[in-house]
Amino acid sequence: MRTGVWLIGVRGSVAVTSMFGALAVRAGLAEPIGCVLESPELHSDALPGIGELVFGGHDISSIPLAKKAAALAEAGVVPARLVEAVQDALQEIEQDVRPLPLGDTQAEVADAIGADLDDFRRRHQLDHVVVINVSNTEPAPRPHPAHADLDALRAALAGPEPVLPPSALAAYAALRAGCPYVEFTPSTGARLPALDALARSKRLPYAGHDGKTGETLVKSALAPMFALRNLKVRTWSGVNLLGGGDGASLAEPDANAAKSASKQRVLTETLGYAPQGDTRIDYVEDLDDFKTAWDLISFEGFLGTRMRMEFTWHGCDSALAAPLVLDLARLTAAAHRAGRTGPLTELAFFFKDPLGDVPHALVEQWQVLRAAVDALGPRGTAP
């Protein structure tokens, strides 16, 4: 199943690491470590293979993909020994990278995005094209009446004033072009009633939000432990230090608030109550693509005995996110082929703030994911 993966933010660290990794795996130069779908329990012949993925995308940046890959190698994100090996393949992808279109109205921009998607699909004779947003986090949008009604949205987009935030405009353009959409950031994406209506009218699936790669991944595994043991969590506070483009964008207060709320929500939904504390995110330029999180948890046991635990997570954001981007592209394409429409709630395993009424404990989410993969078709044997 030849599957196009169109990345919004294609010249960024997560996108380039995803493409670099897919090319290295396809060439037999790297193992698909971190790709959940390559585990024995989830490997399936119903999913497109990593080698069947064809990449393209939009970006406001003009940095060549090969130059970005070299910078990531210098920072220790991707193996330096493989940069030369995949350089020619990156140059081929470069032919399918487009500047983010401009227009007098958002309707014109959406039309231009859709035209690029149609051209990409035709030239590569693709069975499906999945659009995934891996650009920087945007602030939560101001409410607009057109967000609730598709006809009103179409009319408003033709006007001179912006109606949709960039991620939602990308989702609108993708869905109009017949492409499933995945929101990997905390941004709005397709999470508006009008866009849900558009997806259903086009019989398309969509997924999101906010890839679960670091501190929140640990939270979703630890919080159920406290709940199952009936231990009362009194406070849970975290400090996140990160660099890179995402860190720089999160220095903006509104974007920071959107990300922090996404990271903290899993606790309330898993424990059934909101402990004291919050999550703080600070930009540290020197960390580049790496991030460090420190969490302090105080909890209460039998007879009110006070106890606490602490953990530190130090990881590479792009190396943690990239295999999930590949997994989501493959799963969403398979869901599209299977006729799924609307939000893919079974993909909650991958997100901090998943769509729909879903379990928030990591193990339960994995069980839902496994059942969904089984339902897609015949199982295979992991290589």
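**View 1. Strands E5 and E6, with Glu183 opposite Gly208.** In this predicted model, Glu183 stands opposite Gly208 in E6, where strands are DSSP runs (E, at least two residues) and helices are DSSP runs (H or I, at least four residues), both numbered from the N terminus. Strand E5 (residues 181-183) and E6 pair in the parallel sense over three bridges, and two strands count as paired if DSSP finds at least two bridges between them. From strand E6 (residues 205-208), Pro205 and Ala207 point one way while Tyr206 and Gly208 point the other way, and all are buried, a word that stands for under 20% relative accessible area with a 1.4 Å probe and protein chains only (exposed is over 50%, partly exposed in between). In a regular strand the side chains alternate between the two faces of the sheet.

**View 2. The open sheet E8-E7-E9-E10 and its helices.** Four strands form this open sheet with mixed pairing, and its edge strands, E8 (279-283) and E10 (306-316), each pair on one side only. The twist averages 10° from one strand to the next, with axes taken as lines fitted to C-alpha atoms, for helices over the stretch in contact, and angles running from 0 to 180 degrees between N-to-C directions. Strand E7 (residues 232-242) and E8 pair in the parallel sense over five bridges, and Gly238 stands opposite Thr279 in E8. Helix H8 (residues 215-228) lies across E7, E8, strand E9 (290-300) and E10, running at about 155° to E10, whereas helix H11 (residues 317-337) lies across E9 and E10 and runs at about 80° to E10.

**View 3. Leu47 in the loop between H1 and strand E2 (53-59).** Leu47 counts as buried because its relative accessibility is 6%. Leaving aside neighbours within four places in sequence, Leu47 is in contact with residues including Met1, Leu37, Arg330 and Leu376, contact meaning heavy atoms within 4.5 Å. The C-alpha atoms of Leu47 and Ala329 are separated by 9.7 Å, although these residues lie 282 residues apart along the chain.

**Notes on the views.** Residues are numbered from 1 along each chain as its sequence is written, and side-chain values use heavy atoms, with hydrogens and water left out. Because the model is predicted, local features need pLDDT of at least 70 and side-chain atom pairs count only at pLDDT 80 or more, while totals for chains, interfaces and linings use all residues.
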